[in-house]
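Visitor: I should like to take a close look at a single part of this structure. Please guide me through it step by step.

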Amino acid sequence: MVRRYGLVAFFIAASFLTLSACGKPKAGAKCVSGQASCVDAKSGLFCASDGTFKTMTCGGPNGCQAQGAKVACDNDVSTIGDACDTPNDGACTPDHKALLLCKNEVFGEIDTCKGPGGCKLAGDMINCDNDVADIGDPCSNDGNFACTSDKGMALRCQTGKYAAIQSCSGPKSCNIIHPKPKTTDIDCDFTVAKENDPCFFPGNESCTSDKKTMLTCKANKYVEPVACPGPSGCTVTVTAKSAKVTCDAEGGGGGKGGGGGGKKGKKH
């Protein structure tokens, strides 16, 4: 019933930008490197690599402040597509559900932070709780695991996107646990599945929700449905190494292990 995977917490340093003041320019105007200005309490301008002023969101708690000859823009809270001046600078979205990274002077989403901890500032760090994600969500740590928002699927980060790898349709669903400090595991109840659901462990078996059909994991999908029409139906026994089904094929008249009527309780 339970298979655990190691998870890796993701942290990225946040920055507090400091830029040179230069009066009151406008977005799109010509500029030289280092020039900047506050537009209002939550936005500013900086001189981009193309030699023009671009608007920067300063949505962090300190906003945009003129400090003598300097301008400080706290962009720890920004929006996808916002301009930014510091490569690999990190930020949280306003809803604290995504982690952004500055690339080519634009903030792009690199990780979903849908876990209960969200995306939070912690001193000079940003902590992204990526224990919860959905299929297709962006991710920055290949091999990391998460549960879907409905807890019905285990996901793995593959080439920058979360992909479904194991159905967790059993009553205990998919959950994140912390067995000891700084250790995160994922529990997936794969005793219940549908035909063609994704699966991770070759040879593991599962039952449909009505307990009348058994399925086998092959080539990362639950396939080869076998009817279990007897009164005991389909039941799953899970050990540390496998999940195996007892299929009551009594009166089934065929199928895997049916043997011309089958034997009640025959294991597959």
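Which residue in strand 21 stands opposite Lys 218?

Guide: The model shown here is a predicted one. In it, the residue of strand 21 that stands opposite Lys 218 is Lys 221. This pair belongs to the contact between strand 20 and strand 21, which run in the antiparallel sense and are paired over five bridges. Strand 20 covers residues 213-218, and strand 21 covers residues 221-227.

Both strands are part of an open sheet of three strands, arranged in the order 19-20-21 with antiparallel pairing. Strand 19 (205-207) and strand 21 stand at the edges; each has a single partner strand, so one side of each is left without a neighbour in the sheet. On average, and with direction ignored, neighbouring strands of this sheet are turned by 30° against each other.

The same region may also be viewed through its nonpolar residues. The largest nonpolar core has 16 residues, and Tyr 222 is one of those with the most contacts inside it, as are Ile 186, Cys 188 and Phe 190. Strand 20 supplies at least two residues of this core, and so do strand 14 (145-147) and strand 18 (183-188). Another core, of ten residues, lies apart from it and includes Ala 48, Met 56, Cys 64 and Ala 83.

A further antiparallel pair may be set beside this one. Strand 12 (residues 119-122) and strand 13 (residues 125-128) are paired over four bridges, with Ala 122 opposite Met 125. These two strands form a hairpin with two residues between them, and Gly 123 in the turn has a positive phi of about 65°.

Definitions and conventions:
Residues numbered from 1 in each chain as written. Predicted model: local features only at pLDDT ≥ 70, side-chain atom pairs only at ≥ 80, totals over all residues. Heavy atoms only, no water. Core = buried A, V, L, I, M, F, W, Y, C linked by side-chain atoms within 4.5 Å. Buried < 20%, exposed > 50% of the residue type's maximum accessible area, 1.4 Å probe, protein only. Pairing = 2+ DSSP bridges. Axes fitted to C-alpha atoms, helices over the stretch in contact; angles between N-to-C directions.
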